[in-house]
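I set out to record what I looked up in this structure, one topic at a time. The entries below follow the order in which I worked.

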Amino acid sequence: MYICLCLGVTTSTVQQVIDTGARSTKQVAEACGAGSVCGRCNHTIRTMIEAAAPDPPRGRPDRLRRRWGRG
Amino acid sequence: MSLVLAADYRVPDFDHWWATLTGDLPRLPSLGAHHIVVYRSLEDASRIFVTIGVRERGPVDALLRSPVMFSWFDSAGVREIPPMFAGQVVEKLDLAADAAAPAAASAVIVAAIAPVGRPEGLDRLRASVHAAAARLAASGVRRFWIYRALDDQAEVMILQEIATERQAEQWIHHPDAAAAFMAEAGEGAYPPLFVGRLVRAIEVPGN
């Protein structure tokens, strides 16, 4: 998927940057440009950073809630 | 070959957006868009899944950064731009006897965007779905479409049309092994499984 539409930066590129140590949207922007133009994708980048954290603050995102939820 | 863009996001006021959507349509031919399909979540009335069929006219990144694309989100009141899937269909399985007929109003769409693993994950998925076709049909899966991402050969979007809401619920809770990809949805940047109904398939005027 394309995360940053302004620069055409993809999920795999952002994930690589996070995997190599980026821990903030600023660090991601410096490394690959994602989020550095309009900034409207920063919420997605934050979600990816949180998901990669050793102890994610919100845990795994719910796939679906309530009756569509999977155990 | 036609390109498909897709995104899963929330619109703050669906009814207002829907009423004003026709104002956006005349701009879309400049993207090469020929069809838009809008699905609405069964669980969250503000959540939608939109696919845009595009005749390829140059690099995808140029298409995505087009002002028309940003205008699409602006007019819906969407501030945070969602990740966009861009890919091409690689598999269209019509499993129902009456698959050529338009989807019934009761049909449910289950959409997933997920990684399937490298290097042969997509081939494995296609083979397993073919092998499981009879079981899928017996579970109410009427159509099973696979799209491969342009930017990542191991990433797919899968649209499953399921006959009824009850069968969709059963399918999600107890998926066939061929639908193991559903467990990967919702990780990192990938949206959670989308379960909804077709609102409308729109042919873009001027194309």
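My entries begin with confidence and go on to the helices, the domains and the contact of the chains.

**Entry 1: confidence**

I noted at the outset that this is a predicted model. I looked up the overall scores and found ipTM 0.90 and pTM 0.90. For chain B I read a mean pLDDT of 90, with 97% of its residues at 70 or more. For chain A I read an average pLDDT of 84, and 77% of the residues score at least 70. I then asked which element of chain A has the lowest mean pLDDT and which the highest. Helix 3 of chain A has the lowest, at 94, and helix 2 of chain A has the highest, at 98.

**Entry 2: helix 1 and helix 2 of chain A**

I turned to helix 1 of chain A, residues 11-19, and its packing with helix 2 of chain A, residues 25-32. The angle is about 115 degrees and the axes are 10 Å apart. Angles of 65 to 115 degrees count as roughly perpendicular, and helix 1 and helix 2 of chain A are therefore described as roughly perpendicular to each other. I recorded their crossing as right-handed. I next asked which residues meet here. From helix 1 of chain A they are A:T13, A:V14, A:V17 and A:I18, and from helix 2 of chain A they are A:V28, A:A31 and A:C32. Sorted by class, this contact has six nonpolar residues, one polar residue and no charged residues.

**Entry 3: helix 1 and helix 3 of chain A**

I then followed helix 1 of chain A to helix 3 of chain A, residues 42-52. Here the angle is about 45 degrees, and the axes lie 10 Å apart. I therefore entered helix 1 and helix 3 of chain A as oblique to each other. The crossing of helix 1 and helix 3 of chain A is right-handed. On the helix 1 side I listed A:V14, A:Q15, A:I18 and A:D19, and on the helix 3 side A:I45, A:M48, A:I49 and A:A52. The classes in this contact are six nonpolar, one polar and one charged. I marked A:V14 and A:I18 for a second look: they meet helix 2 of chain A, and they also take part in the contact with helix 3 of chain A.

**Entry 4: the domains of chain B**

How is chain B divided in the domain assignment? I found domain 1 at 3-84 + 197-203 and domain 2 at 89-195. The C-alpha centres of these domains of chain B lie 21 Å apart. In the contact, 12 residues of domain 1 of chain B face 13 residues of domain 2 of chain B. On the domain 1 side, strand 1 (3-10), strand 2 (33-41) and strand 8 (194-203) of chain B each give two or more residues. Strand 1 of chain B gives the largest share, three residues. I counted the classes on this domain 1 side as eight nonpolar, one polar and three charged.

**Entry 5: the contact of chain A with chain B**

I asked how many residues each chain brings to the contact. Chain B brings 28 residues and chain A brings 26 residues. On the side of chain B, helix 2 (60-64), strand 4 (85-94) and helix 6 (165-173) each supply at least two residues. Helix 6 of chain B supplies the largest share, three residues. I closed the entry with the classes on the side of chain B that touches chain A, which are 15 nonpolar, three polar and 10 charged.

Terms used:
Residues numbered from 1 in each chain as written. Chains lettered and ligands numbered in written order. Predicted model: local features only at pLDDT ≥ 70, side-chain atom pairs only at ≥ 80, totals over all residues. Axes fitted to C-alpha atoms, helices over the stretch in contact; angles between N-to-C directions. Helix = DSSP H or I, 4+ residues; strand = E, 2+ residues; numbered from the N terminus. Parallel < 35°, antiparallel > 145°, perpendicular 65-115°, else oblique. Left-handed = near helix turned anticlockwise from the far one by under 90°. Contact = placed C-beta atoms within 7 Å. Nonpolar A, V, L, I, M, F, W, Y, C, P; charged D, E, K, R; others polar. pLDDT = per-residue confidence, 0-100. Domains from an automatic or database assignment.
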